[in-house]
Amino acid sequence: MQRHTTHTRRRSSRGLSLIAALGMVAALAAGVGIVGQVVVAGSGATRQTRSNWDGIYTEAQARRGQPFYEASCAECHGSDLAGQEMAPGLLGGDFTWNWNGLTLGDLFERIRVSMPQADPNSVSRAEKADILAYLLQANDFPAGDAELADRTSALRGISFLAEKP
Ligand code: HEC
């Protein structure tokens, strides 16, 4: 009898913890919903929600970037941006999905700090912003009215998305 009671209690407390767990899942789901709403609500003029799909460089800037790319990057990444040997391609899905969900600031910093490999300081910040504009154009992201800044903090406010949102 004593054993039976204990058994019943255990079962009911297990039942309770299952209900508690379900409640937590529901609360989490609700939390995610709220976060999602805040992001959607912010997607107007705020810089945080701009992306590479919003015309964030100009045609002229990309044209300026091409010769810089040829001079300092093409030797390894190819004039067609397809990459070769150790150097990855900077074109198409392999490239864009690599950076998906990060920011243009992250991509800019990667180039600023480590490219060209032998001497990253041989290409200026402004030239690297132009090269980034060229890379965006080569990947068919639309040009717009404003040039891409060469400040990492500003570029961190622009998301990099492989697919058009
Ligand atoms: C001497 C060869 C060489 C040169 C020149 C060079 N790169 Fe690279 N780059 C590489 C190699 C190798 C890697 C991959 C390994 C690494 O990160 O070091 C790479 C990686 C990259 C990546 C990361 C790609 C990814 O999807 O993760 C980017 C972006 C990049 N390079 C851009 C540039 C740009 C822009 C220039 C010119 C300013 C440049 N590179 C010049 C060899 C080079």
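Q: In which loop is the place of glutamate 85, and is this residue buried or exposed?
A: In this predicted model, glutamate 85 has a phi near 45°, a positive value in a residue other than glycine. It has 6 C-beta neighbours inside 10 Å, and therefore glutamate 85 counts as exposed. Its place along the chain is in the loop between H3 and H4.

Q: What pattern of helices and strands does the chain follow when read along the sequence?
A: The secondary structure of the chain comes to 7 helices and 2 strands. Of its 165 residues, 21% count as buried, and among contacts between residues at least 6 apart in sequence, 71% join residues at least 24 apart. Read along the sequence, the elements follow the pattern α-β-α-α-α-α-α-α-β.

Q: How are H2 and H6 oriented to each other?
A: Helix H2, residues 59-72, and helix H6, residues 125-138, pack with their axes 7 Å apart and at an angle of about 105°. Angles of 65 to 115 degrees count as roughly perpendicular, and H2 and H6 are therefore roughly perpendicular to each other.

Q: Which residues of H6 make the contact with H2, and how do the residues of that contact divide?
A: From H2 the contact draws on Gln61, Ala62, Arg64, Gly65, Gln66, Phe68 and Tyr69. The residues of the contact of H2 with H6 divide into 6 nonpolar, 4 polar and 3 charged. On the side of H6, the residues that make the contact are Glu127, Asp130, Ile131, Ala133, Tyr134 and Gln137.

Q: What is included in the cover over the buried residues of H6?
A: H6 has 14 residues and reaches 20 Å from its first C-alpha to its last, close to the 20 Å expected at 1.5 Å a residue. Its buried residues are Lys128, Ala129, Asp130, Ile131, Leu132, Ala133, Tyr134, Leu135 and Leu136. What covers these buried residues includes H2 and H5.

Q: Which residue with a positive phi follows H6?
A: The residue lies in the loop between H6 and helix H7, which spans 152-155, and its phi of about 70° is positive although it is not a glycine. With 9 C-beta neighbours inside 10 Å, this residue counts as exposed. The residue that follows H6 is aspartate 140.

Q: With which residues is leucine 104 in contact, leaving aside its neighbours within four places in sequence?
A: Leucine 104 lies in helix H5 and is buried, because 26 other C-beta atoms are within 10 Å. Its C-alpha atom is separated by 5.2 Å from that of leucine 155, although these two residues are 51 residues apart along the chain. Leaving aside neighbours within four places in sequence, leucine 104 is in contact with Asn52, Leu132, Leu155, Ile158 and Phe160.

Q: What is the omega of the peptide bond that joins methionine 115 and proline 116?
A: The place of proline 116 is in the loop between H5 and H6, and its C-alpha is 9.7 Å from that of glutamate 75, a residue 41 residues apart from it in sequence. Most peptide bonds are trans. The bond between methionine 115 and proline 116 is cis, with an omega of about -10°.

Q: Which residues come nearest to the ligand?
A: The residues of the shell around the ligand divide into 13 nonpolar, 5 polar and 2 charged. Of the 20 residues around the ligand, those that come nearest are Cys73, Cys76, Ala87, Met115 and Pro116.

Terms used
Residues numbered from 1 in each chain as written. Predicted model: local features only at pLDDT ≥ 70, side-chain atom pairs only at ≥ 80, totals over all residues. Axes fitted to C-alpha atoms, helices over the stretch in contact; angles between N-to-C directions. Helix = DSSP H or I, 4+ residues; strand = E, 2+ residues; numbered from the N terminus. Parallel < 35°, antiparallel > 145°, perpendicular 65-115°, else oblique. Contact = placed C-beta atoms within 7 Å. Nonpolar A, V, L, I, M, F, W, Y, C, P; charged D, E, K, R; others polar. Buried ≥ 20, exposed ≤ 12 C-beta atoms within 10 Å, placed from the backbone. Near = placed C-beta within 6 Å. Expected span 1.5 Å × (residues − 1).
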